[in-house]
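Biologist: Could you walk me through this model and tell me what the terms rest on?

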Amino acid sequence: MSNAATNDWLTAVKAQIGREALPPQTAVDPVNLPMIRRWCEAMGDRNPLYAEGKLAPPATLFMWTMSHFRPDLSREGGSLLGLDLVDAAGFTSVVATNVEEEYCRDLRCGDVITQRVTLDGISEEKKTGLGVGHFVTFRYEFTDQKGEVIGRTLFRVLKFRPPAKTAAAKKSPVPRPPVTRDSAFFWEGLNQRKLLVRQCGNCGRLHHPPGPMCPECNSLEWRALECSGRGTIHSFVIVHQPQMPGLNYPLPVALIDLEEGARMVANLGEIAPGKVRIGMPVDVDFVEIEKDFVLPVFRERRAG
Amino acid sequence: MTHPLKDQAAIVGIGATEFSKDSGRSELQLAVEAIKAALDDAGLSTREVDGLSTFTMDNNPEIEIFRNLGGRELKFFSRIEYGGGGACAPVHQAAMAVHSGVADVVVCYRAMNERSQYRFGASYVPPPMPSAALATFSWTLPFGLTTPASWVAMAAQRYMHDFGATTLDFGRVSVAGRRMAANNPKAWFYQKPITLADHQASRWIVEPLRLLDCCQESDGAVAIVVTRADRARHLKQKPVLIRAAAQGACDDQMNMTSFYRKDISALSEMRLVAKQLYAMAGIGPRDIQTAVLYDHFSPFVLPQLEVFDFCKRGEAKDFVRDGQIDLGGRLPVNTHGGQLGEAYIHGVNGIAEGVRQVRGTSSNQVSGVEHVLVTAGTGVPTSGLILAAG
């Protein structure tokens with residue numbers, strides 16, 4: 001797991017351990033009753049000491065100096081020390097993993113909190129359920145208007161490499177059909193621009209969709225009959241919803257009676273959905289969806 | 001000769017959760033809630049259940065249900081294939097099980113969060129595995145024919161072409177269902193009827209099907225309790241006899257895509273069910289006062305009227321135009337509002353409505369009910385029931 005490049009950035013982060021991770025930040029507002037009440041309501045905390053303003057909940061310690069939820073350009077600081085290097089090394093995703101708090105005295109209305117934060121450490125590379133990454137730890141110290149320490153917080157995040165896009169994302173936009181030994185000849189035939197239908201080797205009956213046994217005479221003998229691709233529309237639909245990636249909507253899908261006597265489902269090409277009619281004569285064409293995946297498409301037969 | 005299964009078993013309890021779009025609890029919880037309600041309705045204890053039956057696409061294992069019920073001895077469990085086509089088949093299974101003595105109390109169930117947890121009407125893209133079951137999808141999948149709506153639409157288009165039906169006729173089925181639902185407090189579309197104009201203005205899903213031709217996606221559960229007819233007479237409710245029950249698959253059958261048979265809208269498998277039901281019950285269409293006809297999509301209600309001989313082939317459009325499927329018509333259909341109006345619990349809520357019609361407790365009660373016909377999914381290997389007063 002160690003190479004020169006890894007060591008370079010990690011060494012650079014480690015060199016900053018113990019340093020101030022952000023400039024000291026003093027709260028814009030003193031600890032105050034309206035915010036305490038709002039916090040208690042959100043958290044479901046009914047302690048009367050808080051509602052009456054006698055004390056502030058200790059867990060709000062972190063809150064008074066928090067950065068704004070909208071980016072605030074007037075505020076100095078930027079990101080925590082070291083995280084820019086971790087990001088640059090490719091560990092761009094983040095999740096908080098540990099918070100440990102220590103309270104030195106009660107927090108009261110009127111206290112004006114100042115926060116100081118230092119980079120406390122970075123782990124070696126770890127494999128986690130989320131991905132490969134490093135745990136980065138910061139220590140916060142909160143003081144009041146007299147410089148007296150009110151409490152401390154240890155805050156640890158996992159910075160991890162987002163998982164690479166899976167192969168699924170690159171799959172063919174049109175779903176591939178499940179193929180069995182009984183149907184493989186049909187799909188292989190399409191790859192050679194042939195429309196093949198299973199025909200009984202004994203009685204000659206056509207069998208589509210194909211199966212291993214002739215329903216007429218129960219023979220297992222068969223051959224592939226190459227069809228002319230001439231047919232008529234037996235029925236059709238125009239699909240509007242739901243829509244699948246890789247297909248164009250409104251999507252006409254037809255049931256074609258082939259002149260040899262078999263029937264099959266396929267798309268219709270180069271025709272406005274409003275013009276499709278039952279009984280319309282059509283001819284087959286072939287469309288390559290991707291390598292080794294060809295589908296039949298039927299087009300309205302031209303006169304003559 | 002009388003069929004050996006006729007009137008030998010009875011439905012003695014029905015139960016359901018509320019029907020919603022987000023149940024807020026697990027499918028397993030929905031299942032056991034509905035089952036407990038059905039057993040309470042029957043006056044039976046969970047300890048007495050010794051059989052369970054459902055059909056595929058339900059995610060709740062029989063044994064998990066049995067653990068939660070605190071069941072003692074499960075002696076019969078069966079699960080029928082082909083989704084909604086199996087809706088009535090568990091009752092058929094239960095009747096055979098109790099009549100043969102294999103089990104005493106069999107509960108049939110369906111419990112799904114098929115709106116909030118997943119979308120039942122979504123495109124199905126099977127994994128590319130070389131199994132015969134998955135390979136059946138290969139003949140439609142690459143062409144973008146991937147939803148139940150798209151498979152039904154292919155048959156609906158041909159039906160319109162062959163018999164002169166129009167999308168207005170499909171709309172009449174939806175309007176009738178929503179009118180029934182509007183009067184059923186348990187229905188999702190309670191007090192929300194639609195007009196034919198609403199139907200025609202609704203957007204295309206897969207032409208010739210519009211949004212208002214498609215059933216809902218619902219969260220909810222329904223359970224049905226079956227025991228022997230002689231025992232049923234000593235229980236809490238008026239027994240509802242299983243006069244006839246049947247399954248059917250035929251005519252180059254495929255699952256939703258029987259496109260390679262001569263007549264793709266004839267519902268050959270439902271005709272096979274009809275033939276068996278009438279023979280077993282010893283009755284004909286004139287003896288049926290009301291019917292629950294599977295309505296995942298409105299167009300297939302029409303050929304069902306034809307295969308059960310309520311009208312001739314191709315004449316269902318006239319039957320519907322004349323209002324014969326409405327209350328006061330020749331055959332009020334889907335008096336609970338159907339799956340278009342009440343909820344889509346994969347057909348099992350329709351069996352519960354059949355029971356209510358025999359008991360006389362439907363919110364759209366038909367008078368003088370002796371026999372109720374209930375059907376399961378269309379376009380798939382299917383099943384059906386004729387229920388009768390005990």
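Modeller: Here is a short chat about the shape, the contact and the cores. This is a predicted model, where local features need pLDDT of at least 70, side-chain atom pairs count only at pLDDT 80 or more, and totals for chains, interfaces and linings use all residues. Residues are numbered from 1 along each chain as its sequence is written, while chains are lettered from A and ligands numbered from 1 in the order in which they are written.

Biologist: How do you know that chain A is not a compact globule?

Modeller: The radius of gyration is taken over C-alpha atoms, and the globule rule is 2.2 Å times the number of residues to the power 0.38. For 304 residues that rule gives a value near 19 Å, but chain A has 35 Å. Its C-alpha trace spans about 100 × 50 × 40 Å along the principal axes.

Biologist: What makes β10(A) and β5 of chain B a pair?

Modeller: Strands are DSSP runs (E, at least two residues) numbered from the N terminus, and two of them pair if DSSP finds at least two bridges between them. β10(A) and β5 (residues 204-207) of chain B have two bridges, in the antiparallel sense, so they meet that rule. In β5(B), B:E207 is the bridge partner of A:I238.

Biologist: Which residues does B:L387 touch?

Modeller: Contact means C-beta atoms, placed from the backbone, within 7 Å. Leaving out residues up to four places away in sequence, the partners of B:L387 include B:I11, B:V240, B:G354 and B:V374.

Biologist: How many residues does each chain give to the contact?

Modeller: Chain A gives 31 residues and chain B gives 35 residues. On the side of chain A, β10(A) brings the largest share, six residues.

Terms used
Two residues are in contact if their C-beta atoms, placed from the backbone, lie within 7 Å. Helices (H or I, at least four residues) and strands (E, at least two) are DSSP runs, numbered from the N terminus.
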